[in-house]
Amino acid sequence: MEPGREAALPFVAWARIWSPLASAEYREEAWQALSLPGRFADSESAFLSAFLIGLPAPDVPLLLHAALGREGGTVREDWMRVIHHLELRWNEKALPPDHLGAACDVLACAIERGEDVLVRELRERYLEPWCAIASERLIGKDPSIAGLPEVFASYLRSTE
């Protein structure tokens with residue numbers, strides 16, 4: 001397997017973890033591929049509460065602009081520019097471009113194509129700050145989920 005493709009594959013799996021469009025089966029497969037502890041099925045309820053459907057809101061939004069407290073239009077425009085640069089087609093019926101699941105797919109493409117500057121900028125500007133905020137907000141929460149942002153951050157550091 002080509003080195004760029006091999007380095008990109010974990011982020012395809014992370015895209016499945018974070019995407020609300022992925023089935024439980026796909027999430028389980030990604031969970032195992034990333035060697036996350038236990039089974040996704042055992043952590044599903046805590047995962048959904050923390051990231052997707054917690055009431056009144058999830059602990060950690062997966063929309064990057066919401067989690068980072070930034071203006072949504074500007075953040076989405078940044079991601080659309082990256083998508084355009086990478087010549088990716090965007091399905092408007094899919095996730096918003098600044099959703100963490102979509103961002104992982106975009107990051108995987110950038111890694112595969114050897115866009116090192118772009119990878120560094122996305123990591124430093126959006127993804128590492130999201131990990132720091134998520135880790136802070138999940139302190140004291142279900143241990144099967146609380147460590148997930150740090151594991152994701154370790155994968156991000158592997159792209160340095």
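# Exercises on a predicted model

The buried residues of helix α2 are covered by elements that include α1 (3–18), α3 (40–53), α8 (143–146) and α9 (148–157). This is a predicted model, so please keep that in mind as you work through the tasks below.

## Exercise 1: The two sides of helix α2

Task: Find which residues of helix α2 (residues 24–33) are buried, and work out how they are placed around the axis.

Solution.

Step 1. Go through the helix and pick out the buried positions: R27, E28, A30 and W31.

Step 2. Look down the axis. These residues cover an arc of only 165°, which means that they sit on the same side of α2.

Step 3. Turn to the other side of the helix, where E25 and A33 are exposed.

Step 4. Ask what lies over the buried residues. Helices α1, α3, α8 and α9 are among the elements that cover them.

Step 5. Now see what follows the helix. S35 comes after α2, and its phi is positive, near 55°.

## Exercise 2: Pairs of opposite charge

Task: Say how many salt bridges the structure holds, then examine the ones that D42, R81 and R125 form.

Solution.

Step 1. Start with the total, which is eleven salt bridges. As background, side chains of opposite charge can pair when their charged atoms come close.

Step 2. Take D42. Its partner is R39, and the closest N and O atoms of this pair are 3.3 Å apart. D42 is exposed at 58% relative accessible area, while R39 is partly exposed at 44%.

Step 3. Move to R81, which forms a salt bridge with E77 at 2.8 Å, N to O. Both residues belong to helix α5 (residues 72–85), where they are four residues apart and thus separated by about one helical turn. Here is the geometry behind that spacing: an α-helix has 3.6 residues a turn, so residues three or four places apart point the same way.

Step 4. Check the exposure of this pair. R81 has a relative accessible area of 48% and is partly exposed; E77, at 47%, is partly exposed too.

Step 5. Repeat the reading for R125 and E121, whose side chains meet at 3.0 Å, N to O. They lie in helix α7 (residues 116–137), four residues apart, about one turn of the helix. R125 is partly exposed at 39%, and E121 is partly exposed at 29%.

Step 6. Put the pairs of α5 and α7 into a wider picture. A network of salt bridges links E77, D78, R81, R120, E121 and R125.

## Exercise 3: The nonpolar core

Task: Which residues have the most contacts inside the largest nonpolar core, and which helices supply at least two residues of this core?

Solution.

Step 1. The largest nonpolar core has 48 residues.

Step 2. Within this core, W14, W18, F51, W130 and F152 have the most contacts.

Step 3. List the helices. At least two residues of this core come from each of α1, α2, α3, α4 (64–68), α5, α6 (100–112), α7 and α9.

Step 4. Zoom in on W14. Leaving aside residues up to four places away in sequence, W14 touches L34, L36, C104, L148, V151, F152 and Y155.

## Exercise 4: A serine in a loop

Task: Is S19 buried or exposed, and what does this residue touch?

Solution.

Step 1. Locate S19 in the loop between α1 and α2.

Step 2. Compare its accessibility with the cut-off: buried means under 20% relative accessible area, and S19, at 9%, counts as buried.

Step 3. Look at the side chain of S19, where a polar atom lies 3.0 Å from the backbone nitrogen of L21.

Step 4. Collect the contacts beyond four places in sequence: S19 touches R27, L95, H99 and G101. One of these, R27, you have already met among the buried residues of α2.

## Exercise 5: Two exposed residues of helix α3

Task: Describe the exposure of I53 and S45, and give the C-alpha separation of each from a residue elsewhere in the chain.

Solution.

Step 1. Place I53 in helix α3. I53 is exposed, at 58% relative accessibility.

Step 2. Pair I53 with P20. They are 33 residues apart in sequence, and their C-alpha atoms are 9.9 Å apart in space.

Step 3. Note the contacts of I53, which touches L48 and P58 when residues up to four places away in sequence are not counted.

Step 4. Turn to S45, found in helix α3. S45 is exposed, with a relative accessible area of 60%.

Step 5. Pair S45 with D142. These residues are 97 apart along the chain, and 9.9 Å separates their C-alpha atoms.

How values were computed: Residues are numbered from 1 along each chain as its sequence is written. This is a predicted model: local features need pLDDT of at least 70, side-chain atom pairs count only at pLDDT 80 or more; totals for chains, interfaces and linings use all residues. Side-chain values use heavy atoms; hydrogens and water are left out. A salt bridge is a side-chain nitrogen of Lys or Arg within 4 Å of a carboxyl oxygen of Asp or Glu. Buried means under 20% relative accessible area, exposed over 50%, partly exposed in between (1.4 Å probe, protein chains only). The arc is that of the directions from the helix axis to the C-beta atoms. Contact means heavy atoms within 4.5 Å. A nonpolar core is a set of buried Ala, Val, Leu, Ile, Met, Phe, Trp, Tyr and Cys residues joined through side-chain atoms within 4.5 Å. A polar contact is a pair of N or O atoms within 3.5 Å; within protein, one must be able to donate a hydrogen and the other to accept it, and residues adjacent in sequence count only if both atoms are side-chain atoms.
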